[in-house]
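Welcome, and take a moment to look at the sequence and the structure side by side. The paragraphs below walk through charged pairs, cysteines, backbone angles and aromatic rings, one stop at a time.

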Amino acid sequence: MNYRPRRPDDSLLRQRLRELAAERRRFGYRRLGWLLEREGHVMNRKKLYRLYREEKLMVRRRRGRKRALGTRAPMTLPGAINQRWSLDFVADALSDGRRFRILCVVDDFSRECLATVVDTSLGGVRVVRELDRLTAERALPRMVVSDNGTELTSCAVLRWATGRLEWHYIDPGKPVQNAFVESFNSKLRDECLNEHVFLTLAEARETIEAWRFDYNHCRPHSSLGALTPTEFAVLKGQQEQPPLEGQNHDRLYL
């Protein structure tokens with residue numbers, strides 16, 4: 001007879017190890033083992049390391065700078081105005097070579113461009129100031145989507161968003177996850193920035209703001225059934241309003 005050693009059933013131990021690793025994502029196997037010991041799961045280091053490796057719980061080495069995580073839940077398409085806004089930056093230059101940037105804010109449902117803020121420097125504090133202005137004019141969105149740029153992961157932005165709304169950061173290097181504002185950016189560059197030479201920052205602000213007005217109020221949008229973003233927003237706003245008292249919207253006309 002050949003003796004075959006049988007390993008004990010470690011399914012509960014493996015489950016608890018996975019739970020602890022999920023809670024403490026930067027803990028290695030030794031530190032996780034100490035937590036297990038506190039709960040009464042005592043084992044030697046070799047067994048702990050074997051389970052740790054088999055469950056593929058190795059801590060990945062960080063590369064590059066720290067990034068804010070935000071929410072990582074899969075995003076669903078917005079179903080109403082002000083449910084989700086998207087933010088991104090576009091860069092351009094004046095005729096003398098001086099660089100400037102544009103903060104673009106888009107409502108993902110109506111495709112309205114809520115703001116095109118033009119300046120030579122747009123840090124986190126300025127982003128928060130513009131968001132305060134927009135939320136005072138419209139409403140506070142449920143979610144904001146952006147990339148992991150330093151302005152949008154700054155302490156000022158994180159403090160402003162905490163307790164107010166969900167802030168979803170897309171994966172680095174995947175702008176397709178912020179497709180609504182990326183689509184807007186391409187139109188802004190093709191139809192405005194590439195068509196004008198700006199002598200001064202004031203001229204750039206005036207021209208880009210005029211184009212934003214035309215985009216919202218005059219330019220038909222293919223994904224909105226050839227309506228402009230403003231027309232679409234007004235239409236959806238009327239559909240969401242409850243009927244006035246005494247009105248019957250279910251009449252039958254013969």
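Let us begin with D10, which counts as buried at 11% relative accessibility. Please keep in mind from the outset that this is a predicted model.

What does the side chain of D10 meet? Its partner is K47, and the two form a salt bridge with N and O 3.3 Å apart. K47 sits in helix α3, which covers residues 45-54, while D10 belongs to the segment before α1 (11-23), so this salt bridge ties together parts that lie 37 residues apart in sequence. K47 itself is partly exposed, with a relative accessibility of 22%, whereas D10 is buried.

A second pair can be found by looking for R18 and E55. Their closest N and O atoms are 2.9 Å apart, and they form a salt bridge. R18 is in helix α1 and E55 is in the loop between α3 and β1, so here too parts 37 residues apart in sequence are tied together. On accessibility, R18 comes out at 37% and counts as partly exposed, while E55, at 19%, counts as buried. The cut-off explains that label for E55, because buried means under 20% relative accessible area.

Now move along the chain to helix α7, which spans residues 201-217. Here R212 and E209 form a salt bridge, with 2.8 Å between the closest N and O atoms. These two residues are 3 apart within the helix, a separation of about one helical turn. R212 counts as buried at 17% relative accessibility, and E209 counts as partly exposed at 34%. Some salt bridges also share partners: D119, R126, E130, R133, E137 and R205 are joined in this way into one network. How many salt bridges does a search of the whole structure find? The total is 19.

With those pairs in mind, turn to a charged residue that has none. D92 is found in strand β1, which runs over residues 84-93. Is D92 buried or exposed? D92 is buried, and yet it has no salt bridge. The nearest side chain of opposite charge belongs to R189, 4.0 Å away. Leaving aside residues up to four places away in sequence, D92 touches R98, R99, F100, R189, L193 and F198.

Cysteines are the next stop. A disulfide is a covalent bond between the sulfur atoms of two cysteines. In this model the count of disulfides comes to 0. Two cysteines are worth locating while you are here. C192 is buried, with a relative accessible area of 0%, and C218 is partly exposed, with a relative accessibility of 46%.

The backbone has a couple of spots to visit as well. R111 is not a glycine, although it has a positive phi of about 65°. You will find R111 in the loop between β2 (99-107) and β3 (113-119), where it is buried with a relative accessible area of 19%. A226 is another residue other than glycine with a positive phi, in this case near 70°. A226 is found in the loop between α7 and α8 (229-240), and it is exposed, with a relative accessible area of 54%.

Finally, have a look at the aromatic rings. A search of the whole structure finds 8 aromatic pairs. One of these brings together Y29 and Y52: their ring centres are 5.7 Å apart and their planes meet at 50°, so the pair is tilted. Y29 lies in helix α2 (residues 29-38) and Y52 in helix α3, so the two rings tie together parts that are 23 residues apart in sequence. Both of these tyrosines, Y29 and Y52, are buried. Which residues make up the cluster that ring pairs link? Y29 and Y52 are joined there by Y49.

One last ring brings us back to charge. The charged end of R101 sits over the ring of F89, at 4.2 Å from the ring's centre.

Conventions
Residues are numbered from 1 along each chain as its sequence is written. This is a predicted model: local features need pLDDT of at least 70, side-chain atom pairs count only at pLDDT 80 or more; totals for chains, interfaces and linings use all residues. Side-chain values use heavy atoms; hydrogens and water are left out. Helices (H or I, at least four residues) and strands (E, at least two) are DSSP runs, numbered from the N terminus. Buried means under 20% relative accessible area, exposed over 50%, partly exposed in between (1.4 Å probe, protein chains only). Lys and Arg count as positive and Asp and Glu as negative; His and the chain ends are not counted. Contact means heavy atoms within 4.5 Å. A disulfide is a pair of cysteine sulfur atoms within 2.5 Å. Rings of Phe, Tyr and Trp (its six-membered ring) pair if their centres lie within 6.5 Å; planes under 30 degrees apart count as stacked, over 60 as edge-to-face and the rest as tilted. A charge sits over a ring if NZ of Lys or CZ of Arg is within 6 Å of the ring centre and within 35 degrees of the ring normal.
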